[in-house]
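Let us take a friendly walk through this structure, one feature at a time. Have the sequence and the 3D view at hand, and pause wherever you like.

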Amino acid sequence: MNEPYYEEVQDFYTSDLKTPTLKEVNIWPQAGRSSSSSGVCFSCPHVCLCLFLLCLIGSVLGHPQCLDYGPPFQPPFHLEFCSAYENFGCCDQERDNSIAAKYWDIMDNIDPRGHKLCGRHIKDILCQECSPYAAHLYDAENPRTPLRSLPGLCFDYCSEFHFNCHSAIRLLTRDKHIQECCETNRTRFCNLLQLHDEDYCFPNVLRNTALNHNLGSVVEDQGGCIQLCLSEVANGLRNPVLMVHPNDRSHRLFVAEQVGVVWVYLPDGSRLEEPFLDIKSIVLATPWLGDERGFLGMAFHPKYKYNGKFYIYYSCMDKNRVEKIRISELKVSASDANKADPRSERNLLELEEPAANHNGGQLLFGVDGYMYLFTGDGGKAGDPFGKFGNAQNKSTLLGKVLRIDVDGKSPDGKPYRIPPDNPFVSDPKARPEVYAYGVRNMWRCSVDRGDPVTKKGRGRIFCGDVGQNRFEEIDLIVKGGNYGWRAKEGFECYDTKFCHNSTLDDILPIFAYGRSVGKSVTGGYVYRGCESPNLNGLYIFGDFMNGRLMALQEDEKTNKWKKQDICIGSTTACAFPGMIISYSKFIISFAEDEAGELYFMSTSYPSAYAPQGSLYKLIDPARRAPPGKCKYKPVPVKTKSKQIPFVPRAKTVLELLNQPSTAKPRKKSSTLPAAIPTVSSKKEKKPSSTKIKASTVQPAPSGKERKRIKAEAKPHKPRQGEKVAHNSRTTPGPPLPKRKSSHLARPKKVLPKNAALAKGKPEKRRKK
């Protein structure tokens, strides 16, 4: 390398030049950061090192991305000027018009001969702002990387442009240094604009089959695993069991903890210091790993905006020390829209629980305006109650889907009304509340909003039903349906004699999976949001035990459902601001916000009193909605409580990429117990049938923290003769005899050897 060229490159890459700011540079109108540099690299004493670092960043971050650091999109309207990118790119009609105006301003200063020679080149260069790879062309993939003022051009193309149109350089950029040093020197100019990876420079990027294959479609790895990304929304939660919204256009999120506390999160990400509801004193929950009891369900009335009513589902113990499930109605405080009035509680229904597990817990309102309740089969193992079990006995409310009208009262004095079209209202041997039966322990159900345009699928109710010891299943709920338990588990027989009964007439699941895939299903949602259009129609769910995320796609011709694994993407796919690629392993619940975007809650230490839970938002990195399409203006709600800003704990992909590789490892503390795994994008060393790409670790609570958790839990004395049941829905603990699996089954090697959160050491899980 000769000395003059070295000096020119160093000057071009220097960030402290006295050149116009980015706002003054012609072709950089919407970069999301400020900088006084119009070069392509930071100040560097050694250009070779500088170029190497840029190339390294480019090779890591080469993926479709726009100048505002977001994924590309499909323009909602035809692009008149940069029409090459009207199907997929980074420009909407407004931006396209702005580029066209800039083009004609430039051409007005070029003679007629220049129009013919340079018009196409100038248009191509200006339109690279619309390219799906715009961020890569301008070195804008990383907010910490200084910006180019001109896109990366392939050397041959650049040479042709410079030969015919070098006088137009001063019209494309106001950077006087570039104008003076490069206008007459083609080699210097093109070396500065050249990208190290020639696949990404223009126009090669348009011709590269690998880069443009399925551009804009959901990204899949070689094994067909869908790659999505995450953003951290909340943390420090104690077994977050649900997130709901009141559908009042406030876009608030209400997140409930298993202990009986509901928090309010505002649209700006902050949390109110005072909870919306705190009924810890009456909710039956313990810190034992595996206890399924607690605050389990919540739903806002469809007309909450006008009547302020909402409903809760929780475990409690009456004055006779009988454990029950209670479903109640409450109202919001008249003086504070972010506080419930606990004195307004009106009990709708109480069910005695014969065991401590299989408590169900879902409440939701269907599109018909009625409330649906999902109860467990009563617990223990194999539904041993009665001749055929609770689930098949329509005269009991356990193991059922119930439907009631909360806006009326029954003639017999019940605080709710029976919908007249309930399937068993005329059956004297059945409870009129029963809508469907034969369920084991449905954990998390949801109502499909329907396709945003056609409304197809609207009103369907999806549920995940936790299996006994062989299969987990996803069901579509229909009126009067028998879902087979205990005769069947998944598609197979469980009770062989009962299974072959010709009167069973059961409804098979739309999907079931065995123990090689997972051990405790967590039902999810059909994505109907705005921000990730590729995901529309996908039913996304997970498995509590191994942290696996999955999706079901319906074949419209056969009405069959195909399963795909979901992998949280790599550092390349998720290299966008705010995105992360790891999450706490034990997936407790899924949720959607008022706009239809999808979330899930998980924890690294599944105890009702351990603040290790987090809330994550799912994001498709391959394609987003056009700018402005998904914007909404939340209706302001007056807050009286202090707002606590959100402080993320997880490191974003960009933070990880910018970490020094020579960082010293942390010293291990002898006071920390065994670590709890989180799921991340790295591959596991041990072969696994799952698509989870392995684990980083984060520490479990220290001994001091565990003592605090234990002290916070209110004591619970078992009833006389009661064997303490273990929650298979959320976390492990002393198991019931002959019990295999309920929802939150026992995670392996989670509890430190010296931990004693319950009285005595946890027993080993018995085989069912």
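**Cysteine pairs and strands**

Cysteine 499 is a buried residue, with a relative accessible area of 9%. The model you are looking at is a predicted one. The partner of cysteine 499 is cysteine 493, and the two form a disulfide with their sulfur atoms 2.0 Å apart. Is cysteine 493 buried or partly exposed? Buried would require under 20% relative accessible area, and cysteine 493 has 30%, so cysteine 493 counts as partly exposed. The bond between cysteine 493 and cysteine 499 also has a handedness: its S-S torsion is about -60°, so this disulfide is left-handed.

A word of background helps here: a disulfide is a covalent bond between the sulfur atoms of two cysteines. How many disulfides does the structure have? The count comes to 11, with sulfur atoms within 2.5 Å taken as the rule. We can visit two others.

Turn to cysteine 158 and cysteine 190, whose sulfur atoms lie 2.3 Å apart in a disulfide. Which parts of the chain does this pair tie together? Cysteine 158 belongs to helix α6, residues 155-165, while cysteine 190 belongs to helix α9, residues 186-193, so the disulfide ties together parts that are 32 residues apart in sequence. The torsion about the S-S bond of cysteine 158 and cysteine 190 is about -90°, so this disulfide is left-handed. Cysteine 158 has 0% relative accessibility and therefore counts as buried. Cysteine 190, with 0% relative accessibility, counts as buried too.

Next come cysteine 445 and cysteine 463, a disulfide with its sulfur atoms 2.1 Å apart. Here the S-S torsion is about 120°, so the disulfide of cysteine 445 and cysteine 463 is right-handed. This pair links distant parts of the chain, 18 residues apart: cysteine 445 sits in strand β15 (residues 442-447) and cysteine 463 in strand β16 (residues 461-465). Cysteine 445 is buried, with a relative accessible area of 3%, and cysteine 463 is buried with 0%. Away from these pairs, cysteine 316 is buried as well, at a relative accessible area of 3%.

Strands β15 and β16 lead us to a sheet. What is the order of its four strands? The order is β15-β16-β17-β20, in an open sheet with antiparallel pairing. The edges are taken by β15 and β20 (511-514), each of which has a single partner strand, so one side of each is left without a neighbour in the sheet. On average, neighbouring strands of this sheet are turned by 10° against each other, direction ignored.

Look now at the pairing of β17 and β20. Strand β17, residues 471-476, runs antiparallel to β20, and four bridges join them. One place to find this pairing is glutamate 473, whose bridge partner in β20 is alanine 512.

Our last stop is strand β21, residues 521-526. Why is β21 described as largely enclosed by the rest of the structure? Six of its six residues are buried, so that description follows for β21. Its pairing with strand β22 (residues 539-543) is antiparallel and spans four bridges. To place the two strands in your view, find valine 521, which stands opposite aspartate 543 in β22.

Methods
Residues numbered from 1 in each chain as written. Predicted model: local features only at pLDDT ≥ 70, side-chain atom pairs only at ≥ 80, totals over all residues. Heavy atoms only, no water. Buried < 20%, exposed > 50% of the residue type's maximum accessible area, 1.4 Å probe, protein only. Pairing = 2+ DSSP bridges. Axes fitted to C-alpha atoms, helices over the stretch in contact; angles between N-to-C directions.
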